Amino acid sequence: IILVVLDMWKTVAIPTLIFLSFQLSFAQKTSLRKLKKGIQQIEAFDQALVGLQLIKLSTGQILAEHHQADFFTPASNVKLMTVLASAQTFDSLPALYYQQDRSGVIHFESAGYPLFEHPLYPDDELKNWLQSADSLVYHFSDESHLNQLGPGWAWDDRLFYFSAMPSAFPVYGNVVRGTTTPNNLWQIHPDHFPIEESSIYQYRLFRELAENRFYVNPNGLITEDTVFVPFITSEKLTLAILGEAIGKAIGSASASLQSPIPLHTKQDQKLYRAVLQQSDILISENLLLMVAKERLGIFSSEAIIAELSQEWKTAPDDWIWVDGSGLSRYNLVTPRNLIWTLQKLFKLWGPEKIIDYFPEAGVSGTLLKEYGSKKLPRVFAKTGTLRNHHNLSGYIYESKTGEWYAFSILVNHHSTETRGVRMGIRKLLEMLSRRI
C-alpha cells in the first residue's frame, strides 16, 4: 500500500509542483515586464535611470525590483542612513555633556547638538538650563576634522540657508537671520556681526567669501521679509555668541572632560522631524557628528562613516557615502541598500515613530503637496532632490491588512522638470500599490 501511495504521489504531486513552480516563475516574469513597460510609459522618466525595490516588511518578500543593484545619487535619501546611525546609537539624544566641580561650577562640552537658539527649531529647555547655572566653563572641542563645506558641496552655495556650516556647537543654526520691519528697517540676529549697506551685490543679504562681513542691499528690501545667510564658524565665535545668548560670561578651557554626564534633551521629535520632514541640512550633518562624538570621541563624519560602513557589511552592496545630509554628489547608493536601511530603522523604531517622524504623502512635510493620491495607501517617505535627480524612499501602510511595506524609487539624470518626475513617481507608487 505504501509503495502504491508513493507511486501515486510521484505521478500526481511532482508534476503539479513543477507546473506551479513554472506558473509562479512565469507570473513573476510577466510582472517584471509590466513594471518595465509602466516605467517606459512615464514621459518624465525618458532617458532617465530608474531604480526601485518594494518589499513586504513582515516577511522580507521582494514584490518588485528594477535596477535594484545599480548605484544612484541618493541626494537627501542619505539622511535615512544618518537617522539609522543615530537610532542605533542613542535611546535619547544628548544636548551636551557636563560635570560639576566642588565649587559648583558647571563644566560642559559639546555633543554636537544643533538646536540651541535655532531660528526654526529652538530648544528653549537647553537655554534655560544654561541660564540657571551660576557659573559656566565651556571646554573646547577638537574641530580639526570638520570641513567648512562638506566634500562635494558647492562653494557658491555659501549664501543659502542649506549651506550652513557644521560645527561642534551650532548656535542660531550657524546662520544670520535678516528681517525687515513694516517700515523697511533692516534687522539682523544675532547682532554680533557688523553689517553695511551696499547695492553692489544683487542679493538682499550678502556675506564675503572668507570672512564674516555682511552687506544688505537697500534696493532689494521686501516688507516683512526674512533671509538666512550662513556665517563662518569657530569655537571662539561660538563661545562669544553663546554668552550673549544666555546673558552671562562663560569661561573656557582646552582640556577635555573626564567621564562627563550627558544632558539629555526632550526634543528628539523636533530634531528628527527637522531631518525627515523638512530635510534640514545642518541638523542632519550635526546629527551624524553627534554619533561620531558619542562613539568615537571626535567630530568626524569621515571617521564615523568608515566605521558604520564596516558595521553595515550585511547590506547587499558597498557603501559609497561621504556626508550626513546627501548634499554631496559624491554619494552613491543602491535601491536595495536603502531598503536594507529602512528595514533596520523600522525594526528599531516601530510603526509609531515612523508615523510620528516621517512626512506623510498629502499630509505633511516635503510630501504635503505633490504626493497625495486617493489611489494610494498611507505613504511615509523621505524625498531626495538635487538638480536632475529626484528620489523617494520610505514606507507604505495598508490599513485594510495592517501590513507595512518598504520601497525605494530613485530617478537619476532626468532632463524634465522635477515636478513632472514627482508625478511620475506617484504614478509608479500607484502601480506598485496594486501589488500589495
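User: How many aromatic pairs are there?

Analyst: Happy to help; this is a predicted model, so the answer rests on computed ring positions. Rings of Phe, Tyr and Trp pair if their centres lie within 6.5 Å. By this rule the count is 25 aromatic pairs.

User: Which class of pair do tyrosine 98 and tryptophan 129 make, stacked, tilted or edge-to-face?

Analyst: Their ring centres are 5.1 Å apart and their planes stand at 65 degrees. Planes over 60 degrees apart fall in one class, so tyrosine 98 and tryptophan 129 are edge-to-face.

User: How many residues apart in sequence are the parts that this pair ties together?

Analyst: Good one to check on the structure. Tyrosine 98 sits in strand 3 (residues 94-100), while tryptophan 129 belongs to helix 3 (residues 124-132). The pair therefore ties together parts whose separation in sequence is 31 residues.

User: Is serine 433 buried or exposed?

Analyst: Serine 433 is part of helix 9 (residues 418-433). Its relative accessibility is 10%, and the cut-off is under 20%. Serine 433 therefore counts as buried.

User: Which residue has its backbone oxygen 2.8 Å from a polar atom of the serine 433 side chain?

Analyst: Leaving out residues up to four places away in sequence, serine 433 touches Lys375, Leu376 and Pro377. The backbone oxygen at 2.8 Å from its side-chain polar atom belongs to glutamate 430.

User: Which residue in strand 11 stands opposite valine 176?

Analyst: Strand 6 (residues 175-180) has five of its six residues buried. Strand 6 pairs with strand 11 (residues 226-230) in the antiparallel sense, over five bridges. Across from valine 176 in strand 11 stands valine 229.

Conventions
Residues numbered from 1 in each chain as written. Predicted model: local features only at pLDDT ≥ 70, side-chain atom pairs only at ≥ 80, totals over all residues. Heavy atoms only, no water. Helix = DSSP H or I, 4+ residues; strand = E, 2+ residues; numbered from the N terminus. Buried < 20%, exposed > 50% of the residue type's maximum accessible area, 1.4 Å probe, protein only. Polar contact = N/O pair within 3.5 Å; in protein donor to acceptor, adjacent residues only side chain to side chain. Contact = heavy atoms within 4.5 Å. Phe/Tyr/Trp six-rings, centres within 6.5 Å; stacked < 30°, edge-to-face > 60°. Pairing = 2+ DSSP bridges.
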